[in-house]
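Please look at the sequence and the model together before reading the questions and answers that follow.

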Amino acid sequence: MKRALITGVTGQDGSYLAELLLEKGYEVYGIVRRTSAFNRERVEHLTNNPNFHLVYGDMADTSSLSKAINEILPDEIYNLAAQSHVRISFDMPEYTGEVNGLGVLRILHLIKEIQEKTPGKIKFYQASTSELFGKAQEFPQTEKTPFHPRSPYAISKLYAYWNTVNYRESYGIFACNGILFNHESPRRGENFVTMKIARGVAEIKKGITKTIELGNLDAKRDWGHAKDHVKAMWLILQQKEPKDYVIASGENHSVREFLEEAFKVVGIEVMSNNKPGIGEEYIRKDTGEVVVKIDPAFFRPAEVDNLCGDASMAYKDFGWKAEISFKELVKEMVISQINRIEKDEKAYIRDIIRGMVMEEIEKSLKSGLKADFNIIGKI
């Protein structure tokens, strides 16, 4: 039985990858951080599987990573852990670099030390990103497209990318980068624009909220499904020789298209007022109510306008291509949010209130003011 170690196992990709590897007969270990609050909803259904194990570790702590890797001695390591929100990386650049950049270096060096004793024992997959291309210099982007990162997140991932290549070339480690373009699912985090739209549209449909606040509607991304992308991660480590691969659907769609498609899923007709920039709004045709507003707080200091990947090399080497379409993805995400609301609407609304409370406290702390922990009484 092969052993796999997944960092970031409680995230969207980690949970789907854990399911896939268990189906393929692996013994799967997932690294989780020691925190005062549990955040394991995405893998809760796996905890009764005798081949699934959670172990403590932290990408910022070499000793915990060393303990986990040396005790488990996995055949494959999938590094999916990251501070993965691009906009937040501008607010937390140092932490983003620590986890996304130095964390990868720590793992690679541990593999090197183990390999000196047991050559060829561990294969390593690094979750790289289309954000490396940033201000893209060609369209679509391939493995040969020059990088031009435009955020602390992308820069930290670039450091990790080249360390993966360097340890492969310097020490013969089977280390690969998967340059994955945007991939979404019903398990996407709620602070990502796709889930923000899916959740907001579902709430508008159910009468829980009236508006969604968004940033740049015209940014274009190559959006695939996380289930398709984790298959590619596994296939990359099954090849005879380690290589870096672009994984993408080959189509790109704007945030605006995602938004309009989400409203179509719930049968609400909307139209833009066609005003430029932050003056733009989307309005319901049936009621005339504003359902989408633009908030400049959600714009990035340096925008990435247009990303679209060419996964031809992955298709040529191991037959991978995206199977779930853009429209299927949007529909699945919106319907999952509607189902979530209908399952227990009172509990859902309580979660919204908690989120609003924490958001108000965070704003107070960021502004240098004393947090008002009685804010719940004002909501």
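Two strands pair if DSSP finds at least two bridges between them, and strands (E, at least two residues) and helices (H or I, at least four) are DSSP runs numbered from the N terminus. This is a predicted model, in which local features need pLDDT of at least 70 and side-chain atom pairs count only at pLDDT 80 or more, while totals for chains, interfaces and linings use all residues. Residues are numbered from 1 along each chain as its sequence is written, and side-chain values use heavy atoms, with hydrogens and water left out.

Q: How many bridges join strand S14 to strand S15?
A: Strand S14 covers residues 281–284 and strand S15 residues 290–294, and the two run antiparallel. Glutamate 281 has lysine 293 of S15 as its bridge partner. The number of bridges joining S14 to S15 is three.

Q: Which strands are the edge strands of the open sheet with the order S8-S15-S14-S13?
A: This sheet has four strands with mixed pairing. An edge strand here pairs on one side only, which applies to strand S8 (212–214) and strand S13 (270–272). The edge strands are therefore, by the pairing rule of at least two bridges, S8 and S13.

Q: At about what angle to S8 does helix H6 run?
A: Axes are lines fitted to C-alpha atoms, for helices over the stretch in contact (heavy atoms within 4.5 Å), and angles run from 0 to 180 degrees between N-to-C directions. Helix H6, residues 193–205, lies across S8, S14 and S15. Its angle to S8 is about 160 degrees.
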